[in-house]
Amino acid sequence: MSKTPAGTLYRGREGMWSWVAHRITGVVIFFFLLVHVLDTSLVRVSPEAYDAVIGSYKNPIMGLGELGLVGAIVFHAFNGLRVILIDFWKKGPKYQRQMLWGVVGLWLVTMIAFSIRHLAVVFGG
Amino acid sequence: MSTETAEKEPASKVDLAPGIGGGGEIPTFDVTLKVRRYNPEVSDEVHWDEWQLTMYGTDRVLDALHKVKWEHDGTVSFRRSCAHGVCGSDAMRINGRNRLACKTLLKDLDTSKPILVEPIKGLPVEKDLIVDMEPFFQSYREIMPFLVNKGHEPTKERLQSAEERERYDDTTKCILCAACTSSCPVFWTDGQYFGPAAIVNAHRFIFDSRDDAGDMRLEILNDKEGVWRCRTTFNCTEACPRGIQVTQAIAEVKQAILTRKI
């Protein structure tokens with residue numbers, strides 16, 4: 001019915017934005033898996049072709065991409081556990097916000113540790 | 001003392017120091033109200049209208065809308081009936097969040113910026129802030145929001161313990177304002193989804209010990225467009241003007257479907 005202008009964005013709170021982030025990271029992971037299945041299946045074509053493609057990933061841009069990918073997967077995994085708890089733990093809905101801060105905390109700890117190691121490998125040579 | 005004041009009652013019986021002002025005086029402030037306008041009889045285009053208003057500290061967004069409609073532009077259209085948070089007519093999006101206009105005090109909003117008022121999302125807009133509620137009530141009717149009892153009608157009341165009553169107390173508070181359903185991102189994109197309000201009202205009867213149609217309602221909500229569409233964004237819980245723990249209620253219905261235990 002009514003169209004432009006679209007109106008303001010709904011100002012949801014933590015619950016809504018964690019859901020948005022969960023969706024985005026989910027789609028990102030899906031596209032990674034798509035490429036991942038393709039490049040891994042190259043080994044059936046020839047090991048040389050596989051090595052060539054995997055070797056082309058060894059540059060700083062892909063290194064940062066991997067950092068982003070791991071960040072997406074780690075968030076999706078921890079937040080997925082939070083969503084399961086909301087559905088199956090009796091007090092889940094009550095503590096959803098606290099659990100989100102838990103997810104963010106775990107994500108930070110994991111990502112700081114991973115970044116130190118990963119960036120050293122990517123840029124340290 | 002009594003002889004002098006007996007003929008005329010003072011405005012306030014509380015003594016205030018001079019300078020603070022009279023008893024009944026309420027501070028005023030200026031607000032800018034921006035309303036999203038749409039009138040299909042004039043144009044298919046949506047636009048924003050803006051008014052500068054001087055309002056009192058006790059005024060709500062609904063009072064500001066009244067002031068606009070009564071003193072500035074009579075064509076501004078919105079629903080309201082009781083104006084006291086009971087009828088559930090004036091749910092609208094205020095500063096991007098679903099609220100009842102009659103329960104939102106202007107002083108609680110950021111009055112340094114314009115106050116944005118829009119119709120609730122996900123339901124077809126008919127005019128200005130009025131939306132077509134029919135899809136919303138359609139879902140409500142489908143979950144059979146009435147007592148179904150197969151036994152013989154008792155001669156007196158149907159007895160229920162305080163604990164049994166407590167089980168569904170939270171979901172009896174619903175006023176069907178649609179603030180929850182129209183705050184749900186799933187409902188915005190999938191109008192077929194039953195929506196939080198219908199599930200809340202199903203919960204009210206599913207967990208009522210006097211009701212015999214719980215299984216039937218669970219079967220209705222065990223649909224592709226039923227409770228499993230819920231993505232636990234908690235927008236509904238945050239939007240509910242009655243403070244119903246909506247997402248919690250939906251989770252309880254999900255559990256009841258899985259375990260078939262009420």
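This is a short walk through a predicted model, beginning with chain A and then moving to chain B. Residues are numbered from 1 along each chain as its sequence is written, while chains are lettered from A and ligands numbered from 1 in the order in which they are written. Since the model is predicted, local features need pLDDT of at least 70 and side-chain atom pairs count only at pLDDT 80 or more, whereas totals for chains, interfaces and linings use all residues.

Let me start with chain A, which has four helices and zero strands, where helices are DSSP runs of H or I with at least four residues and strands are runs of E with at least two, numbered from the N terminus. Its radius of gyration, taken over C-alpha atoms, is 19 Å, while a compact globule of 125 residues would be near 14 Å, by the rule of 2.2 Å times the number of residues to the power 0.38. Buried residues make up 14% of the 125 residues in chain A; a residue is called buried if 20 or more other C-beta atoms, placed from the backbone, lie within 10 Å of its own, exposed if 12 or fewer, and partly exposed in between.

How many residues does each chain bring to the contact? Chain A gives 22 residues and chain B gives 25, with contact meaning that C-beta atoms, placed from the backbone, lie within 7 Å. On the side of chain A that touches chain B, α1 (14–45) and α3 (60–88) each supply at least two residues.

Turning to chain B, I would like to look at helix α2(B), which has 12 residues and reaches 15 Å from its first C-alpha to its last, close to the 16 Å expected at 1.5 Å a residue, the expected span being 1.5 Å times one less than the number of residues. Within this helix B:V61, B:L62, B:A64, B:L65 and B:V68 are buried, and because these buried residues fall within an arc of 165° seen down the axis, they line one face of the helix; the arc is that of the directions from the helix axis to the C-beta atoms. The face turned away from the buried side carries the exposed residues B:W70 and B:E71, while the cover over the buried residues includes β1 (28–37), β2 (47–56), β3 and β5 (115–118) of chain B.

Finally, B:D73 sits in the loop between α2 (61–72) and β3 (91–94) of chain B. Is B:D73 buried or exposed? B:D73 is exposed, because 12 other C-beta atoms lie within 10 Å.

Technical notes:
Two residues are in contact if their C-beta atoms, placed from the backbone, lie within 7 Å.
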